[in-house]
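Thanks for coming. I'll walk through one structure this morning, beginning with the sheet and finishing with the aromatic residues. Please have a look at it first.

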Amino acid sequence: MITTFEDARLLFGRWKEDAPTLRVKLVSHGLIFEATGTLIDYTIQALQLAGPSWQFTIPLAGVQYIFSDPREIAVESIRVTETAKYEMGLALELPSGDRLVLLELKSQG
């Protein structure tokens, strides 16, 4: 479901406050980056993510936000598998054509 920055901001705020582990996947024209990390900070202009040995900032100008909830997946076998791993997700479609996908991992324990 396509959403606005104001809606995404609520999720960013929770991710910053609670610091859950996120699966981070950046798909660019020249590379695919996959890791786990946390949301460090965000503003209306940028989103900062980091892991144990990496860190990057994504500018948010012109970004389209797409929210996903694994409980809404139509195919039951995929829904069961994804719901076991992820709480919710947000894809950021950047004006460059790059795509950043953030999936909140289920807490272990």
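Before I describe the sheet, one term: two strands count as paired if DSSP finds at least two bridges between them. Also keep in mind that this is a predicted model.

So, the sheet. It is open, has eight strands and pairs in the antiparallel sense. The order across it is β1-β6-β7-β8-β2-β3-β4-β5. At the edges stand β1, residues 2-3, and β5. Each of these has a single partner strand, so one side of each has no neighbour in the sheet.

Helix α1, residues 5-18, packs on this sheet. The helix touches β1, β2, β3, β4, β6, β7 and β8. Its direction makes about 90 degrees with that of β3.

Now to strand β7, residues 86-93. Is it enclosed or open? Six of its eight residues are buried, so β7 is largely enclosed by the rest of the structure. As a general remark, side chains in a regular strand alternate between the two faces of the sheet.

What pairs with β7? On the one hand there is β6, residues 64-68, joined to β7 in the antiparallel sense over five bridges. Within that pairing, F67 stands opposite L90 of β7. On the other hand there is β8, residues 99-105, antiparallel to β7 over six bridges. Here E93 stands opposite R99 in β8. β7 and β8 form a hairpin with five residues between the strands, and G97 takes a positive phi near 100 degrees.

Moving on from β8, the sheet continues to β2, residues 22-27. β2 and β8 run antiparallel and are joined by six bridges. One position to look at is L22, whose bridge partner in β8 is E104.

Last topic, the aromatics. The structure holds eight aromatic pairs. One of them is F33 with F56, edge-to-face, with 5.6 Å centre to centre and 85 degrees between the planes. This pair links distant parts of the chain: F33 lies in β3, residues 32-42, and F56 in β5, residues 54-59, 23 residues apart.

Are these two buried or partly exposed? The cut-off for buried is under 20% relative accessible area. F56 has 17%, so it is buried. F33 is at 23% relative accessibility, and therefore counts as partly exposed.

There is also one aromatic cluster made up of F5, F12, W15, Y42 and Y65.

That is what I had.

Technical notes. Residues numbered from 1 in each chain as written. Predicted model: local features only at pLDDT ≥ 70, side-chain atom pairs only at ≥ 80, totals over all residues. Heavy atoms only, no water. Buried < 20%, exposed > 50% of the residue type's maximum accessible area, 1.4 Å probe, protein only. Helix = DSSP H or I, 4+ residues; strand = E, 2+ residues; numbered from the N terminus. Phe/Tyr/Trp six-rings, centres within 6.5 Å; stacked < 30°, edge-to-face > 60°. Contact = heavy atoms within 4.5 Å. Axes fitted to C-alpha atoms, helices over the stretch in contact; angles between N-to-C directions.
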